[in-house]
Amino acid sequence: MILTILILLPLVGAVVTAFVPGALARVVGLGFAGATLVAGIVAATQYDVGGGMQLTETHVWIEAMGVHYALGVDGLGLLMVLLTVVLVPIVLLAGWRESEAEGNGGAKAFFAWTLALEAMSLAVFTATDVLLFYVVFEATLIPAYFLIGGFGREGRGRAATKFLIYQLAGGLIMLASVIGLYVVSSNQGNPSFLLTDLAAIDIDPITQRWLFVGFFIAFAIKAPMFPVHTWLADTTEKATPGTSVLLVCILDKIGTFGMLRFCLGLLPDASQWATPVVVVLALISIIYGALVAIGQDDVLRLIGLTSLSHFGFIVLGIFVFSPTGGTGAILYMVNHGIATALMFLVAGFLIQRTGTASIREMGGVEKTAPVLAGFFLVAGLAACGLPGLSPFVSELMVIVAAFDHHWLVGSVAVLAIVLAAFYALWMYQRTMTGPGREGAAPVADLDRREVGILAPLLLALVLFGFYPMPLLDVINPVVHDTLTGVGIGQEGGPQ
Amino acid sequence: MTEFVKPSIDYFELWPLLVVFGVACLGVVVEAFAPRRLRYVAQVGLALTGLVVALVGVVLVARDVTTYEDGAARGILAVGGTIAVDGPSLFIWGLVLALAIGGVLLFAERHLDGGVSAFAGQAAAVPGTDAETAALVANREHTEVYPLMMFAVFGMMLFPAANDLLTMFVGLEVLSLPLYLLSGLARRRRLLSQEAALKYFLLGAFSSGFFLYGAALLYGYAGSLDFAAINEAVRNDVGSPALLLIGTGLLSVGLLFKVGAVPFQAWTPDVYQGAPTPVTAFMAAGTKVAAFGAIMRLFYVALGADRWSWQPMLWIVAILSMFVGAALAITQSDIKRLLAYSSVAHTGFILTGVLGLQASDQLAIGEITSLQAVLFYLTTYGFATIGAFAVVSLVRDAGGETTAIDRWAGLGKESPVVAAVFAFFLLAMAGIPLTSGFVGKLAVFSVALAAGAWPVVVAAVIASIIAAFLYIRVIKVMYFDEPVGDGPSVAYPSVLTATTIAVGAAVTLVLGIVPGPVLDLAAVAGEFIR
């Protein structure tokens, strides 16, 4: 029941927020997001670290087609749920004033759509029926579309359309695979979409490969990976930083989440078959994302592209098929969520003050706004994997696993650390140090509200940087189960 | 010569059909004798009552039908075996009647255009003449549209229930002729409307000719017009296969024309655009439902044993329809033409379900059948279409309806509710989850894939992506583009149009979230009587 409540709370919140009087909308919306956070924590306390699907509930939804309303979380799902419920209130607080200034329905619409997005994302991370997953997977797109198109900078309508077309294309390709799974299951006498039923069926290798391709394309667009990433930069550039947090830190995780659960979980043979191609694509994403990020002038665009590099790492960790890599990848998903959220939000506060997102037009911010500069530096260092901050742990694990997989893969991946240091520090140098912009008013420092919003993220980065054990305890059983499913024991590497 | 035997008429089972026909005839009488000021109320009342009574009749008959002989189907063959009142017929009757009720409500709308309906004051008056002005000044309106529509409804019910080729042809004509007329009765932009009617009539008459010729050839092949007898002949492989193949092809031309499949789609954009929007709404939804019912009955019942011949043809037609419909829809700048091309694409999607026919021994227990999938898709499509066109009729400027898409810019701010509802219908047509359109797509794709038609499904997925683009483009215009000039204004509808839109939206939402009952109903409808 707790998972249903978890999904319903923000959904009801979205509807209520849309209909209460304007002045109340933000308070009500934040209230629902807070309640969801509490529900998420309650769910976490009920979760037993031992592993397996927990807190499950199953009801028949469409009997004629074997569709179930089935929810449950494993360690991976739980972490994603927690990431979501924590980030949403932060995004709402960060957008408290900004969203008001916009024309499209103002703060009320922003809060309502964000809550709707939260509800659908939570449903995605808890669905254990493939069709239910697909339904909510696609349903996330509608709130996301209106968040991108309704709030942000000039040209956002175009960016929103591009985003939606990419995602829908991926979704429809996946639909073919979802239906394919159903057809295979009905040919074997038990038409069903339940993950547990589907895991039991026997899919011949050729069919598996086709189904894999369908799922993988969708998740690669979502994640995003080279060469289907081009929506990412446009979207993060035009949308508000808050929306970008929701998209990059929460929604994009669905891509890597789906790879683990569906590609590896249901189609293990095909996943191994595809490994060489996927690993190469992941490496290209890592290097290409970092290189392109270096060349950007727009802060938000730059941050968006760094995520391409980070998602490359996550995918690499997943597809090297080793316990270290898998654990590193899942840990990376959490850490990336926190670090990138911090980066986007600080950048958002910065842009509000300078009135521009262009790096060229900024400078000398640290003189008048040391606290802001400090947050920005920490976020940047986290992105380039400084020891002591949480992304370091996960990045190290993935790189170690990559070297185990093949020395060449590892050496290419390691290059990204150098590049990351370059884009992060160079951005810091150009925006924060040096002389201030000619004739511009000095940049005001963060106020208490803003510090309060960012502080939890910073604390999490430091805490998990030194003490990642709680996360690892939750992650390890998932990795073990997934790799056993693929046919690789905890001890042995890929043969 | 055998002696002529007067067929026994099963009045109870045919009740819905007879009520609609009776009401249509009564409407003609009312038109002839009632004073002009009473006609509107009398006709609308009569039509609505008739449709509701017929709908109740469908429910009663559906509860009463029993298994036919010892087969899987339930129902009876009425009127000497010419009309099959079976599960699928009853399902389609119910659907057509429900859509027709929406149609009557749209026809009767008088709030949008200064107290008169969307139909010409005096259709016989040449546009631009004194006679037309006089009719306008006198606030005349044609009330013949209601009996005409009832005849069309009668045709739509007879067409899919026909159990021999001749009855099917009669159904086809009864359904088509009133629609040709109705298309030409627009109050605004009359020349466009008359052009549409003429095009529709000429092409339609031509396609009916094809159908009739095909029927004749099939009679030559099987020695009978009866579907069961044709099926028997195909199974036993009597007669010349050339006759069978050519006959099947010609019949397909007639039927595929009615559903607007490529390459017989040329009429749809012009007719959808020119016809009065209420007529477009009713025609787009109703004709497609009826004609697909007829297509399935002909192909499944009469030609089921010959499906290796016609399935490849439908593969090609389905793929072409999806691609041509979706691609041409993108280039349209008029919302009614866009919806027309999108209906061509939907024809392709529905055909994807039709060609998913499998023998019953190939179906797993609990697996969805092709008939079930198509019936469900038709339900979702019918309600979304009638709702979408009803919304189109609300967006107006001084010259009547504003159908140019770029004039819809800013509608999201101007009237959020109308824009939201229309966006919802578009999302349903795009097949986004939590709308009925998604479940419909899921159903037809599943049956096609199960039947091994994976190339069609792959094509359908690609076409869906193209189609998604065009629907999103309209949503973008409504929400994110700056209005041009004054922008459109939304006329406040009376309760009639509002009800139709609300019901359409409600069905679209409910079938997206709980499609189970209707899927089950389609499953209970079972098989065609063979």
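The paragraphs below lead through a predicted model of two chains, A and B, taking each chain in turn and then the contact between them.

Chain A is built from 22 helices and 2 strands. Its C-alpha trace spans about 75 × 55 × 40 Å along the principal axes. A compact globule of 495 residues would have a radius of gyration near 23 Å, and the 22 Å of chain A therefore agrees with that expectation. Buried residues account for 63% of the 495 residues in this chain. If one considers the contacts in chain A between residues at least 6 apart in sequence, 80% of them join residues at least 24 apart.

The N-terminal part of chain A offers a convenient place to begin. Helix α1 of chain A covers residues 2-19, and because its 18 residues should span 26 Å at 1.5 Å a residue, the separation of 26 Å between its end C-alpha atoms agrees with the expected value. The residues of α1(A) that are buried are L3(A), L6(A), I7(A), L9(A), P10(A), G13(A), A14(A) and T17(A). These buried residues pack against α2 (22-46), β1, β2 and α5 (106-126) of chain A, and the two strands in that list lead on to the hairpin.

In that hairpin, strand β1 (residues 54-62) of chain A runs antiparallel to strand β2 (residues 67-73) of chain A, and 6 bridges join them. Within this pairing, V60(A) stands opposite H68(A) in β2(A). There are 4 residues between the strands of the hairpin, and G66(A) takes a positive phi near 70°.

Further along the chain, helix α10 of chain A comprises residues 205-222, and its 18 residues reach 25 Å from the first C-alpha to the last, close to the 26 Å expected at 1.5 Å a residue. Its buried residues are Q208(A), L211(A), F212(A), G214(A), F215(A), F216(A), A218(A), F219(A), A220(A), I221(A) and K222(A). The partners against which the buried residues of α10(A) pack are α8, α13 (253-266) and α14 (268-294) of chain A; α8(A) returns below, where the contact with chain B is described.

Chain B has 20 helices and 5 strands. Its C-alpha atoms fill a box of roughly 70 × 55 × 40 Å along the principal axes. For 530 residues a compact globule would have a radius of gyration near 24 Å, so the 22 Å of chain B agrees with this rule. Of the 530 residues in chain B, 62% are buried. Among the contacts in chain B between residues at least 6 apart in sequence, 79% join residues at least 24 apart.

Two strand arrangements in chain B deserve attention. In the hairpin, strand β1 (residues 75-78) of chain B is joined by 4 bridges to strand β2 (residues 83-86) of chain B, and the two run antiparallel. From β1(B), G75(B) and L77(B) point one way whereas I76(B) and A78(B) point the other way, and all are buried. The bridge partner of I76(B) in β2(B) is V85(B). With 4 residues between the strands of this hairpin, V79(B) takes a positive phi near 50°.

The other arrangement is an open sheet of 3 strands in chain B, ordered β4-β3-β5, with antiparallel pairing. Its edges are formed by β4 (400-401) and β5 (489-490) of chain B, and because each has a single partner strand, one side of each is left without a neighbour in the sheet. Strand β3 (residues 395-397) of chain B is joined to β4(B) by 2 bridges, and R396(B) stands opposite E401(B) in β4(B).

The two chains can now be considered together. The largest nonpolar core has 428 residues, and those that touch the most other members are L316(A), L342(A), V346(A), V96(B) and M149(B). Not counting residues up to four places away in sequence, L316(A) touches V279(A), A282(A), L283(A), I286(A), V398(A), A402(A) and A413(A).

The contact between the chains takes 30 residues from chain A and 29 residues from chain B. On the side of chain A that touches chain B, the elements giving two or more residues are α6 (130-139), α7 (141-150) and α8 (156-187) of chain A. The largest share of this side, 17 residues, comes from α8(A). Sorted by class, the side of chain A that touches chain B has 20 nonpolar, 8 polar and 2 charged residues.

Note on methods
Residues are numbered from 1 along each chain as its sequence is written. Chains are lettered from A and ligands numbered from 1 in the order in which they are written. This is a predicted model: local features need pLDDT of at least 70, side-chain atom pairs count only at pLDDT 80 or more; totals for chains, interfaces and linings use all residues. Two residues are in contact if their C-beta atoms, placed from the backbone, lie within 7 Å. Ala, Val, Leu, Ile, Met, Phe, Trp, Tyr, Cys and Pro count as nonpolar, Asp, Glu, Lys and Arg as charged, and the others, Gly among them, as polar. Two strands pair if DSSP finds at least two bridges between them. The radius of gyration is taken over C-alpha atoms; the globule rule is 2.2 Å times the number of residues to the power 0.38. A residue is buried if 20 or more other C-beta atoms lie within 10 Å of its own, exposed if 12 or fewer, and partly exposed in between; C-beta atoms are placed from the backbone. The expected span of a helix is 1.5 Å times one less than its number of residues. A nonpolar core is a set of buried Ala, Val, Leu, Ile, Met, Phe, Trp, Tyr and Cys residues joined through C-beta atoms within 7 Å.
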